[in-house]
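Here is a colleague's note on the model, set out as numbered points. It begins with one strand and works outwards to the sheet, the helices and the cores.

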Amino acid sequence: MPRATNVSLWSLPAHVIFEAVLTIRAARRDDADAIWAILEPVIRAGDTYALPRDMDRNDALAYWFGPGNEVFVAENEGQVNGTYILRANQRGGGSHVANCGYVTASAAFGRGIARAMCAHSLDHAKRRGFRAMQFNFVVSSNERALRLWKSLGFEIVGRLPEAFSHPVLGYIDVYLMYRLL
């Protein structure tokens with residue numbers, strides 16, 4: 001009989017500890033304030049999402065909870081630390097490819113929340129019958145996201161030269177990323 005091995009919780013990487021107590025669930029309308037608190041700084045910064053930097057709360061939430069979007073939140077001890085949307089990337093002949101957008105609360109960066117949300121979305125998309133996932137507009141300066149998506153099996157399959165107007169860097173490239181499920 002194999003011997004049990006004691007592993008100190010503190011010897012594990014921080015993101016593993018955090019993910020162990022992270023719940024990812026379908027968003028409810030009463031999550032709107034928490035979701036807005038996560039979305040607003042990202043929208044205002046204007047450096048990762050192609051949304052108007054002056055977008056108001058109502059328009060942002062209408063976009064996030066838009067028709068065809070499944071909205072999820074990542075919650076730890078009652079605190080929403082991230083949110084993502086999952087939808088079909090296209091209609092008709094492209095409806096078998098999923099598309100997602102993820103946002104993590106800035107106070108929770110580096111805790112594995114985006115990784116956990118992406119892993120959840122990949123599993124959920126596969127259960128829903130999607131055959132692949134595509135990210136249409138990954139800003140080239142978003143190096144943290146690029147590393148994460150690559151580590152989860154996504155490949156850069158296209159580059160759109162100078163397709164994003166970054167508030168600091170000017171016109172920069174955008175990547176199209178894809179992986180089969």
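**Notes on the fold**

1. Strand β3 is a useful place to begin, because seven of its 10 residues are buried and the strand is therefore largely enclosed by the rest of the structure. The model is a predicted one, and the remarks below should be read with that in mind. On one side, β3 (residues 79-88) pairs with β2 (residues 70-76) in the antiparallel sense over seven bridges. Towards β4, the strands again run antiparallel, and seven bridges join β3 to β4.

2. Individual bridge partners help to fix the register of these pairings. Leu86 of β3 is the bridge partner of Glu70, and Leu86 also stands opposite Cys100 in β4. Elsewhere along β3, Val80 stands opposite Glu75.

3. The wider sheet is open and is formed by seven strands in the order β1-β2-β3-β4-β5-β7-β6, with mixed pairing. Its edge strands are β1 (22-26) and β6 (155-166), each of which pairs on one side only. From one strand to the next, the twist averages 25°.

4. Two helices that pack on this sheet deserve to be described together. Helix α3 (residues 57-64) touches β2, β3 and β4 (97-104), and its direction makes about 55° with that of β3. Helix α4 also packs on the sheet, where it touches β1, β2, β3, β4, β5 (132-139) and β7 (170-180), and its direction makes about 35° with that of β3.

5. The geometry of α4 itself can be checked against its expected span. The helix has 15 residues and reaches 21 Å from its first C-alpha to its last, which is close to the 21 Å expected at 1.5 Å a residue. Its buried residues are Ile113, Ala116, Met117, Cys118, Ser121, Leu122, His124 and Ala125. An α-helix has 3.6 residues a turn, so residues three or four places apart point the same way. After α4 comes Gly129, whose phi is positive, near 100°.

6. Which residues does Ser121 touch, not counting those up to four places away in sequence? They are Tyr84, Leu86, Cys100, Tyr102 and Met133. Ser121 belongs to helix α4 (residues 113-127), and it counts as buried because its relative accessibility is 0%. The side chain of Ser121 also makes a polar contact with the side chain of Tyr102, at 2.6 Å. Of the residues touched by Ser121, Leu86 and Cys100 are the pair that stand opposite each other across β3 and β4.

7. The largest nonpolar core has 28 residues, and those with the most contacts inside it are Tyr102, Met133, Phe135, Trp149 and Phe154. At least two residues of this core are supplied by each of β1, β2, β3, β4, α4, β5, α5 (143-151) and β7. Helix α4 gives the most to the core, with six residues. Apart from this core lies another, of 21 residues, among them Ala27, Phe65, Val71 and Val80. In soluble globular proteins, nonpolar side chains tend to be buried together.

8. Two residues other than glycine merit a look at their backbone angles. Most residues other than glycine have a negative phi. Glu77, however, has a positive phi near 50°, and it is found in the loop between β2 and β3, in a hairpin that has two residues between the strands. Glu77 counts as exposed because its relative accessibility is 75%. Glu162 likewise has a positive phi near 50°, but Glu162 is found in strand β6, one of the edge strands of the sheet. With a relative accessibility of 54%, Glu162 counts as exposed, the cut-off being over 50%.

9. A final point concerns a contact between segments separated in sequence. Ala32 lies in helix α2 (residues 32-45) and is buried, with a relative accessible area of 12%. Not counting residues up to four places away in sequence, Ala32 touches Arg57 and Leu61. Ala32 and Leu61 are 29 residues apart in sequence, whereas their C-alpha atoms are 7.2 Å apart in space.

Terms used:
Residues numbered from 1 in each chain as written. Predicted model: local features only at pLDDT ≥ 70, side-chain atom pairs only at ≥ 80, totals over all residues. Heavy atoms only, no water. Helix = DSSP H or I, 4+ residues; strand = E, 2+ residues; numbered from the N terminus. Buried < 20%, exposed > 50% of the residue type's maximum accessible area, 1.4 Å probe, protein only. Polar contact = N/O pair within 3.5 Å; in protein donor to acceptor, adjacent residues only side chain to side chain. Contact = heavy atoms within 4.5 Å. Pairing = 2+ DSSP bridges. Axes fitted to C-alpha atoms, helices over the stretch in contact; angles between N-to-C directions. Core = buried A, V, L, I, M, F, W, Y, C linked by side-chain atoms within 4.5 Å. Expected span 1.5 Å × (residues − 1).
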